[in-house]
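Welcome! Please take a moment to look over the sequence and the 3D view, and then read on for a short guided tour.

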Amino acid sequence: MGIILAIFVFSVLVIFHEMGHFLIAKKNGIGVTEFSIGMGPRLFSFVKGGTRYSLKLIMFGGSCAMVGNDMFEAEYQKDDEEEESIEGIKDEREDSFNNKSVWARIAVIAAGPIFNFILAWVLAVVLIGLEGFTNTEITGIAKKGAAAQAGLEVGDEIKEYNGHKLTIGDDFYMYTTFEPITGDPISVTYERDGKEYKTQINPAIWYAVGISYTANKKEAEIQVSKKSAADLAGLKSGDVVAAINGNKIGSGEELSEYTTENPFTKDEVEITVLRDGEEKVFNVTPQNAGYYIGLSVGAQEKGNALQVLRYSFTQLRYNIEVTVKSFGMLFTGKLNKDDVSGVVGIVKIVGDSYEETKPYGPYYVFLQIVYLLIIFSVNLGVVNLFPFPALDGGRLVFLIIEAIRRKPVSKKVEAYFTLAGVFILFALMILIMINDITKFFR
């Protein structure tokens with residue numbers, strides 16, 4: 001089922017992307033020889049308005065082949081020779097992509113990524129309409145922690161964090177992730193009882209044991225980082241936390257609440273876990289892991305129709321910003337190859353998400369798939385706008401140069417750059433696929 005859902009996710013993303021190219025091409029009078037769902041041999045097709053609409057054998061992705069689009073020219077000519085129903089169309093060059101104005105061509109190429117952003121926004125409307133949005137209210141605070149010492153309390157609403165305005169709770173985690181907390185003071189503007197206040201948080205040293213988990217209502221199954229305090233003490237990935245220092249833990253959510261209110265210190269901590277149905281107790285000495293401020297943000301809030309629309313745009317902005325910042329960290333070496341996933345990785349993510357939400361019923365499976373579609377659609381839109389040959393962004397660069405020069409770039413030059421880009425992308429895809437296989441199945 002996970003593979004079927006992954007194919008569905010990929011197909012929705014690619015089809016919607018190609019639909020953007022298709023609709024804007026038609027709007028600008030550019031001939032579209034074929035719009036297909038899937039790849040490989042045709043199962044079913046029909047011709048209408050000079051365009052062949054096809055359903056293909058491999059239900060994965062899709063394509064939009066335009067007249068004069070060099071990438072599809074060979075296939076287009078082959079189809080014309082074989083199929084009499086669209087014979088003669090290749091000689092009607094007035095509807096060629098290359099014969100249209102540079103602004104029309106820019107619109108057609110940009111439409112693919114833009115439609116991915118539109119899809120993400122529509123799905124955000126669905127998700128927020130059903131489940132609401134996360135506000136910037138403080139939901140948990142560490143006793144005697146840095147935030148508590150700065151005067152912050154549960155229920156305060158953070159308006160600004162270190163110069164960044166916060167609209168949703170996710171903004172807080174984005175800024176603390178991409179701008180790691182150091183020992184430097186942090187300025188915070190917050191609202192309490194309708195009034196705004198300003199304070200300064202002096203981060204405290206953060207001690208960690210090296211475990212990760214999902215903060216939901218399921219049992220707190222952990223993943224253990226190599227050479228971490230937990231690893232050195234004997235904890236293993238797959239263990240389920242049952243208690244910390246004698247305090248019972250029944251779920252990932254409870255573990256998150258406990259560690260937020262009782263952050264680890266340099267003192268030894270007793271962690272009780274369930275392993276193969278048996279309770280095991282480990283004494284773990286936390287390691288210095290940097291700094292922390294000791295609070296959690298974001299309560300789920302239902303909104304009216306206008307708020308749903310507003311926060312859907314906010315969610316879109318947030319996902320675009322996270323994607324761009326993530327790629328920035330990747331290119332500057334702050335992320336490594338294991339932080340990148342390709343087709344295999346995405347199939348694994350979709351499959352794991354299905355397995356995790358399946359026990360809660362179809363509704364939560366649906367919500368999770370919608371959430372993943374939002375993330376992947378934004379990623380596809382952002383990646384395609386990169387100014388790299390063979391991507392939409394690369395083609396836009398040549399078209400923008402043409403608009404400025406009022407003269408097209410040599411087709412031979414563009415072809416060489418595009419071909420080089422195709423080879424590089426193909427090589428990257430293979431490397432990422434190999435890394436995905438070794439990462440997820442070792």
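What follows is a short briefing, grouped by topic.

Keep in mind that this is a predicted model. The protein is built with 12 helices and 18 strands, and 42% of its 442 residues count as buried. We begin with the whole protein and then visit a few helices and residues.

**The whole protein**

- If you draw a box along the principal axes, the C-alpha atoms fill roughly 80 × 50 × 40 Å.
- The accessible surface adds up to about 23700 Å², and carbon and sulfur atoms account for 59% of that area.
- Take the contacts between residues at least 6 apart in sequence: 66% of them join residues at least 24 apart.
- There are 43 positive and 54 negative charges, and the mean positions of these two groups lie 4 Å apart.

**Two helices and what covers them**

- Helix α5 spans residues 169-178 and is mostly covered, with 7 of its 10 residues buried.
- The buried residues of α5 are G169, D171, F172, M174, Y175, T176 and F178.
- Which elements cover them? The cover includes the strands β3 (133-134), β5 (157-161), β6 (164-165) and β17 (295-297), together with helix α8 (305-331).
- Helix α7 covers residues 252-261, and its buried residues are G252, L255, Y258 and T260.
- Among the elements covering the buried residues of α7 are β4 (138-141), β12 (240-244), β13 (247-248) and β17.
- Strand β17 is worth finding in the 3D view, since it is listed as cover for α5 and also for α7.

**A229, a buried residue in a helix**

- You can find A229 in helix α6, which runs over residues 229-233.
- Is A229 buried or exposed? Its relative accessibility is 5%, and buried means under 20%, so A229 counts as buried.
- Beyond its neighbours within four places in sequence, A229 touches A208, V209, V284, T285, P286 and Q287.
- For a sense of distance, try V154: this residue is 75 places from A229 along the chain, and their C-alpha atoms are 30 Å apart.

**R105 and its partner**

- R105 sits in helix α3, residues 102-131.
- With a relative accessible area of 6%, R105 is buried.
- Which side chain does the side chain of R105 meet in a polar contact at 2.6 Å? The partner is the side chain of E402.
- Setting aside neighbours within four places in sequence, the contacts of R105 are F97, N98, K100, L399 and E402.

**Two loop residues with positive phi**

- As background, most residues other than glycine have a negative phi.
- D193 has a positive phi near 55°, although this residue is not glycine.
- Where is D193? Look in the loop between β7 (186-192) and β8 (195-201).
- D193 has a relative accessible area of 77%, and exposed means over 50%, so D193 counts as exposed.
- R406 also has a positive phi, near 60°, and is likewise a residue other than glycine.
- The loop between α11 (392-405) and α12 (411-441) is the place to look for R406.
- R406 is exposed too, with a relative accessible area of 79%.

Key. Residues are numbered from 1 along each chain as its sequence is written. This is a predicted model: local features need pLDDT of at least 70, side-chain atom pairs count only at pLDDT 80 or more; totals for chains, interfaces and linings use all residues. Side-chain values use heavy atoms; hydrogens and water are left out. Helices (H or I, at least four residues) and strands (E, at least two) are DSSP runs, numbered from the N terminus. Buried means under 20% relative accessible area, exposed over 50%, partly exposed in between (1.4 Å probe, protein chains only). Contact means heavy atoms within 4.5 Å. Accessible areas come from the Shrake-Rupley method with a 1.4 Å probe; for residues, only the protein chains shown count as cover. Lys and Arg count as positive and Asp and Glu as negative; His and the chain ends are not counted. The place of a charge is taken as NZ of Lys, CZ of Arg, CG of Asp or CD of Glu. A polar contact is a pair of N or O atoms within 3.5 Å; within protein, one must be able to donate a hydrogen and the other to accept it, and residues adjacent in sequence count only if both atoms are side-chain atoms.
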